[in-house]
Amino acid sequence: MKILLAEDHDNLREIIEDYLVVHGYVVESFDNGEDAYYSFLTESYDLVLLDVMMPKKDGFTLAQEIRAANAEIPIIFLTAKTLKEDILEGFKIGADDYITKPFSM
């Protein structure tokens, strides 16, 4: 399984990527939404993990663009945005899950 991970916090991105790789997943990670979207368009992924607050392109915008390109790919938000409105927005965009930080692996 190949996973696209977009998280702008360097330490957290590395921890998540290392954890997933140890468990047998192939992970390509990015620190901004723009680079993640370009990779999504040029590579094939089985799952997308997105932070919401990222530079260049936020996770909500990125998820909308990914959904327009591929309505079937699972999208999971990993975010510090915990307001009910944000969670509802994430699901409205088409997220399959919305996990708030901090979380346990």
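These notebook entries record what I looked up in the structure, from its salt bridges to its surface patches.

**Entry 1. The model**
I noted at the outset that this is a predicted model.

**Entry 2. Salt bridges**
I asked how many salt bridges the structure holds. The count comes to seven salt bridges.

I began with Glu 43 and Lys 2, whose side chains meet in a salt bridge with an N to O distance of 3.0 Å. Lys 2 belongs to strand S1 (residues 2–6) and Glu 43 to the loop between H2 and S3, so the pair ties together parts that are 41 residues apart in sequence. I then checked how far each partner is covered. Glu 43 is partly exposed, because its relative accessibility is 38% and the partly exposed class runs from 20% to 50%. Lys 2 is buried, because its relative accessible area is 18%, and buried means under 20%.

**Entry 3. A pair within one helix**
I turned to helix H1, which spans residues 10–22. Asp 10 has its place in this helix. The side chains of Asp 10 and Arg 13 meet in a salt bridge of 2.9 Å, N to O. Because Asp 10 and Arg 13 are three residues apart in helix H1, about one helical turn separates them. I recorded Asp 10 as partly exposed, with a relative accessible area of 42%. Arg 13, in contrast, is buried, with a relative accessible area of 10%.

I also noted a network: salt bridges that share partners join Lys 2, Glu 28 and Glu 43.

**Entry 4. Asp 10 and Asp 31**
I compared sequence distance with spatial distance for Asp 10 and Asp 31. The two residues are 21 residues apart in sequence, and their C-alpha atoms are 7.3 Å apart in space.

**Entry 5. Lys 101 and its partners**
I asked which residue forms a salt bridge with Lys 101. The partner is Glu 7, and the closest N and O atoms of the pair are 2.8 Å apart. This pair links distant parts of the chain: Lys 101 is in the segment after strand S5 (97–100), while Glu 7 is in the loop between S1 and H1, 94 residues apart. Glu 7 counts as buried, at 2% relative accessibility.

I found that Lys 101 also has a polar contact: its side chain and that of Asp 51 are joined at 3.4 Å. Asp 51 is located in the loop between strand S3 (47–50) and helix H3 (59–69). I asked whether Asp 51 is buried or exposed. Asp 51 is buried, since its relative accessible area is 3%.

**Entry 6. Arg 67**
I located Arg 67 in helix H3. Its relative accessibility is 15%, so Arg 67 counts as buried. A polar atom of the Arg 67 side chain lies 2.8 Å from the backbone oxygen of Gly 94.

**Entry 7. Surface patches**
I looked up which residues form a negative surface patch. They are Asp 8, Asp 31, Glu 34 and Asp 35. Of these I examined Asp 35, which lies in helix H2 (residues 33–42). Asp 35 is partly exposed, with a relative accessible area of 36%. Residues of a patch need over 30% relative accessible area, so the 36% of Asp 35 meets this cut-off.

I next recorded a nonpolar surface patch of about 280 Å², made by Ile 15, Tyr 19 and Met 105. Ile 15 has its place in helix H1.

Terms used: Residues are numbered from 1 along each chain as its sequence is written. This is a predicted model: local features need pLDDT of at least 70, side-chain atom pairs count only at pLDDT 80 or more; totals for chains, interfaces and linings use all residues. Side-chain values use heavy atoms; hydrogens and water are left out. Patches are made of residues with over 30% relative accessible area and no salt bridge: like charges are joined within 9 Å, nonpolar side chains (Val, Leu, Ile, Met, Phe, Trp, Tyr) within 5 Å. Accessible areas come from the Shrake-Rupley method with a 1.4 Å probe; for residues, only the protein chains shown count as cover. A salt bridge is a side-chain nitrogen of Lys or Arg within 4 Å of a carboxyl oxygen of Asp or Glu. Helices (H or I, at least four residues) and strands (E, at least two) are DSSP runs, numbered from the N terminus. Lys and Arg count as positive and Asp and Glu as negative; His and the chain ends are not counted. The place of a charge is taken as NZ of Lys, CZ of Arg, CG of Asp or CD of Glu. Buried means under 20% relative accessible area, exposed over 50%, partly exposed in between (1.4 Å probe, protein chains only). A polar contact is a pair of N or O atoms within 3.5 Å; within protein, one must be able to donate a hydrogen and the other to accept it, and residues adjacent in sequence count only if both atoms are side-chain atoms.
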